[in-house]
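Let's take a tour of two pockets and one residue. Have the sequence and the 3D view open as you read.

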Amino acid sequence: MSAISAVTIVEVGPRDGLQILKSVMPTEHKKRWIATAASAGIREIEVCSFVPAAVVPGMADAEEIVRYARTIPGLTTAALAPNAKGAQAAFMAGAQRVAMPISVSAAHNLANIRKTHDQSIDELRRVVDMRSTHPAAKIEIGLSTAFGCSIAGAVPLADVLKLAERCLTAGADRVTPADTIGIGNPLQVKRMYAALFDAFGKSSIGGSHFHDTRGQGIANALAALEAGVTSFDASLAGLGGCPFAPGASGNVCTEDLVWILEEMGVSTGIDVAKLLSCRTILSDAMPNEKLSGHLAEAGLARIQNGGRVASAR
């Protein structure tokens with residue numbers, strides 16, 4: 001097992017978790033979610049996407065949400081932007097990290113953001129130029145479908161490395177391989193990160209972004225930990241998924257990932273019980289949406305009087 005003793009959990013639920021849902025979470029509930037997660041110890045949250053409200057109505061309040069999140073002490077505020085227009089809005093709102101998706105699969109890139117790879121790299125260069133007026137902001141490229149594609153099938157590791165190099169050369173601060181359709185396995189994860197670290201160094205590679213479509217998300221996260229990854233995307237209650245990846249569930253469930261890491265002695269700095277309380281905010285705001293997560297079903301466990309007992313949920 002990795003000798004890593006502490007990691008960062010990035011909550012992506014307010015963006016990745018909400019973008020695919022039919023329900024629209026009211027702005028005030030989003031703010032409560034972000035504030036409660038931060039008070040539980042989450043230090044970075046991807047709070048929204050800067051996309052047209054006509055396409056994703058749930059992100060119509062993106063600017064307000066970023067500005068609110070920036071008022072929370074110690075919280076790094078991240079946002080997704082699929083293009084230069086969205087990135088400019090994210091920079092202006094005050095996002096400290098702007099994530100741009102570029103799919104390794106050319107077919108998925110066309111379906112998801114309607115661009116070829118060359119067009120996406122040109123767009124990235126424009127965003128890098130814009131960043132000159134917002135030098136504190138970081139630009140991260142999410143290498144979508146790095147582990148496989150629902151449209152094109154298998155994605156060669158060589159293609160991942162080639163696109164990563166193009167993005168870094170164009171000016172991105174980091175690239176992050178993403179298992180958009182939840183198809184990766186632990187051996188593939190270790191090989192992926194080993195190759196990326198060897199080619200570009202750890203500082204140029206972001207954390208892990210695994211979807212739990214086939215129930216392998218936690219296993220892949222632990223494989224990434226063994227490979228040397230120290231930052232992990234996760235979504236509260238397992239919400240989310242990609243609109244262009246049929247059957248793809250949300251990210252690894254935040255509560256489940258935090259619990260297993262803490263049980264293994266890897267510090268996340270997060271109060272699991274307080275994190276679980278965020279689920280009430282979700283169920284109140286979106287009563288018709290299904291919430292996942294094994295920890296919420298089983299309840300917390302703690303050592304008491306020498307025995308392990310279930311605590312109240």
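Helices here are DSSP runs of H or I with at least four residues, strands are runs of E with at least two, and both are numbered from the N terminus. This is a predicted model, where local features need pLDDT of at least 70, side-chain atom pairs count only at pLDDT 80 or more, and totals for chains, interfaces and linings use all residues. Residues are numbered from 1 along each chain as its sequence is written, and side-chain values use heavy atoms, leaving out hydrogens and water.

Which element gives the most to the lining of the second largest pocket? That's α10, with 3 residues. Also supplying at least two each are α9 (217-227) and α12 (294-298). Nearest the centre of this pocket lie D212, C253, D256, G293 and H294.

Here are the two linings by class (nonpolar: Ala, Val, Leu, Ile, Met, Phe, Trp, Tyr, Cys and Pro; charged: Asp, Glu, Lys and Arg; polar: the others, Gly among them).

| Pocket | Nonpolar | Polar | Charged |
|---|---|---|---|
| Largest pocket | 21 residues | 16 residues | 11 residues |
| Second largest pocket | 7 residues | 8 residues | 2 residues |

Now for T254, which sits in helix α10 (residues 254-263). Is T254 buried or exposed? T254 counts as buried (under 20% relative accessible area, with a 1.4 Å probe and protein chains only) because its relative accessibility is 0%. A polar contact (N or O atoms within 3.5 Å, one able to donate a hydrogen and the other to accept it; residues adjacent in sequence count only if both atoms are side-chain atoms) of 2.7 Å joins the side chains of T254 and E11. F232 is 22 residues from T254 in sequence, and 9.3 Å away in space, C-alpha to C-alpha.

Notes:
Buried means under 20% relative accessible area, exposed over 50%, partly exposed in between (1.4 Å probe, protein chains only). On a 1 Å grid over the protein atoms alone, a cavity is a set of points where a 1.4 Å probe fits but cannot get out, and a pocket is an open set with protein on both sides within 12 Å along at least five of seven lines; lining residues have an atom within 4 Å of a point.
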